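Grab a viewer and work through a few exercises on the model below. Each one sets a task and then walks through a solution.

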Amino acid sequence: MPSLYIHVPFCIRKCDYCAFYSHSLVNSPKDLIAVYLEGLEVEMVKRQKDAPQGVSSLFIGGGTPTALQDSDLECLMDLIHRHFRLDPEAEQTMEGNPGTITTSKLNILRRYGINRFSLGVQAFDDKLLSAVGRMHTAQEARDAIGRLRATGFNNLNLDLMFGLPSQDMGTWQATVEEALSYSPEHLSLYGLMLEEGTPLHSRYNVGAIDETDETDEIDKTDETDETDKEQKLESRCGLTENVQCETLPDDDLQAEMHDWAVKRLKQAGYTNYETSNFALPHYECRHNLGYWRGKNYLGLGPGGVSCLNRVRWKNIEEVRTYQSRLDNGQDPMDESGQEALSLQECMAERMILGLRLEEGVNLTLFRNDFGVNLRDIYRDVLERYRNKDVLIFQGDYLRLNPKYSFVANSILEEFVGLV
């Protein structure tokens with residue numbers, strides 16, 4: 001059975017770092033949600049054939065699904081349950097942001113079987129939240145956690161971010177400690193990424209000052225040079241009224257933040273089962289584990305991505321075009337169409353995703369799925385990194401040494417194109 005992801009492309013307002021497809025409800029046409037739901041139902045009918053026995057897990061993300069009004073949220077949940085069969089024991093996750101969490105919405109979700117909630121907290125510090133354009137306050141995050149617990153959610157994930165503008169080790173530690181005080185079953189810790197096309201990317205990357213030239217000029221600056229330098233800095237930061245360009249933590253500090261959090265969460269009883277994810281025993285996110293282990297998945301809604309039997313496709317990222325195509329009997333895929341993944345691409349993805357897991361890549365499953373021995377295919381890179389104690393064979397698994405998890409991406413890229 002595939003897992004099921006539903007993309008809800010609506011937010012109250014997009015955060016400054018967000019590159020996901022979504023519409024701000026502040027300036028969207030009033031009928032856009034209705035158009036989205038109409039298209040989504042047609043796609044659900046179309047995709048029922050891909051999950052004849054039901055779906056193994058459900059994840060509703062965005063966007064901010066809880067930005068929907070009660071009636072639209074109930075309509076969404078009704079559509080899912082009318083068109084897909086979910087086992088009563090299936091993990092069913094809803095994402096949401098503080099400030100959009102009401103008791104009435106949570107009661108709707110509970111009634112439809114949602115049993116896991118992922119809350120985008122990011123920080124318990126109003127200054128840090130404001131610096132990245134978050135719509136909520138720290139107090140609203142605390143209130144949302146209280147409502148979630150009061151309505152019976154006993155599988156709660158909190159998203160936290162490090163590397164935020166002006167964040168130091170002390171403010172990061174304070175956020176983690178407060179998060180732990182609520183005893184969440186799961187924590188996801190992400191370093192801030194400056195994604196192209198986002199306000200934060202423009203603020204810190206566009207028109208960046210050449211640091212080498214700047215250093216050379218420091219000793220000979222005069223008042224005119226200083227004025228010019230300030231203008232360049234203002235241009236780089238994209239400063240507008242009420243927006244300050246704070247210093248971003250450098251790579252060394254971000255690595256220290258990550259390492260401290262890993263040790264602190266381990267001390268608190270959490271397992272770092274994936275590079276960015278931590279769980280108390282038996283609370284690992286089953287839906288995401290399916291992605292990382294190479295299982296089939298369906299992604300519905302504008303921008304949704306699916307992968308079934310090594311064929312991957314993505315839906316177009318535009319609500320009205322998505323709905324119109326479906327209404328006319330067309331497929332809502334974007335211009336890239338379907339991509340038949342080669343055996344080599346599938347093997348590389350298994351390595352890249354599997355080595356992010358604490359358990360690593362299962363050698364027997366790799367051989368059963370691809371008909372080749374992992375040790376033979378990746379012999380050179382395995383030997384190089386085994387000698388450096390980066391990669392470890394342990395029983396029937398190949399694992400990444402945990403102390404290299406913060407730089408995992410640069411290591412894992414070496415598995416692409418080797419076969």
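Here come four exercises, after a quick word on conventions.

This is a predicted model, where local features need pLDDT of at least 70, side-chain atom pairs count only at pLDDT 80 or more, and totals for chains, interfaces and linings use all residues. Residues are numbered from 1 along each chain as its sequence is written, and side-chain values use heavy atoms, with hydrogens and water left out.

**Exercise 1.** Find the largest nonpolar core and the helix that gives the most to it.

*Solution.* Start with the rule: a nonpolar core is a set of buried Ala, Val, Leu, Ile, Met, Phe, Trp, Tyr and Cys residues joined through side-chain atoms within 4.5 Å. Buried means under 20% relative accessible area, exposed over 50%, and partly exposed in between (1.4 Å probe, protein chains only). The largest such set has 64 residues, and those with the most contacts inside it include Ile 6, Ile 60, Phe 117 and Leu 187. Helix H1 (residues 32-47) is the top contributor, with seven residues; helices (H or I, at least four residues) and strands (E, at least two) are DSSP runs, numbered from the N terminus. Next, there's a second, separate core of 25 residues, with Leu 374 and Ile 411 among them.

**Exercise 2.** Which strands pair with S4, and in what sense?

*Solution.* Two strands pair if DSSP finds at least two bridges between them. On one side, S1 (residues 3-8) runs parallel to S4 over five bridges, with Leu 4 opposite Leu 58. Then S5 (residues 86-96) also pairs with S4 in the parallel sense, over five bridges, and Val 55 faces Leu 86 there. From S4 the chain goes through helix H2 (residues 70-83) to S5, a right-handed β-α-β crossover (with the strands pointing away from the viewer, the path from the first strand over the helix to the second runs clockwise). As for cover, seven of the eight residues of S4 (residues 55-62) are buried.

**Exercise 3.** Is Ser 118 buried or exposed, and what does its side chain contact?

*Solution.* Locate Ser 118 in strand S6 (residues 116-122). Ser 118 counts as buried because its relative accessibility is 6%. Its side chain makes a polar contact with the side chain of Asn 157 at 2.8 Å (N or O atoms within 3.5 Å; within protein, one must be able to donate a hydrogen and the other to accept it, and residues adjacent in sequence count only if both atoms are side-chain atoms).

**Exercise 4.** How many disulfides does the structure hold?

*Solution.* The cut-off is a pair of cysteine sulfur atoms within 2.5 Å, and the count is zero. For Cys 346, the nearest cysteine sulfur belongs to Cys 307, 6.7 Å away.
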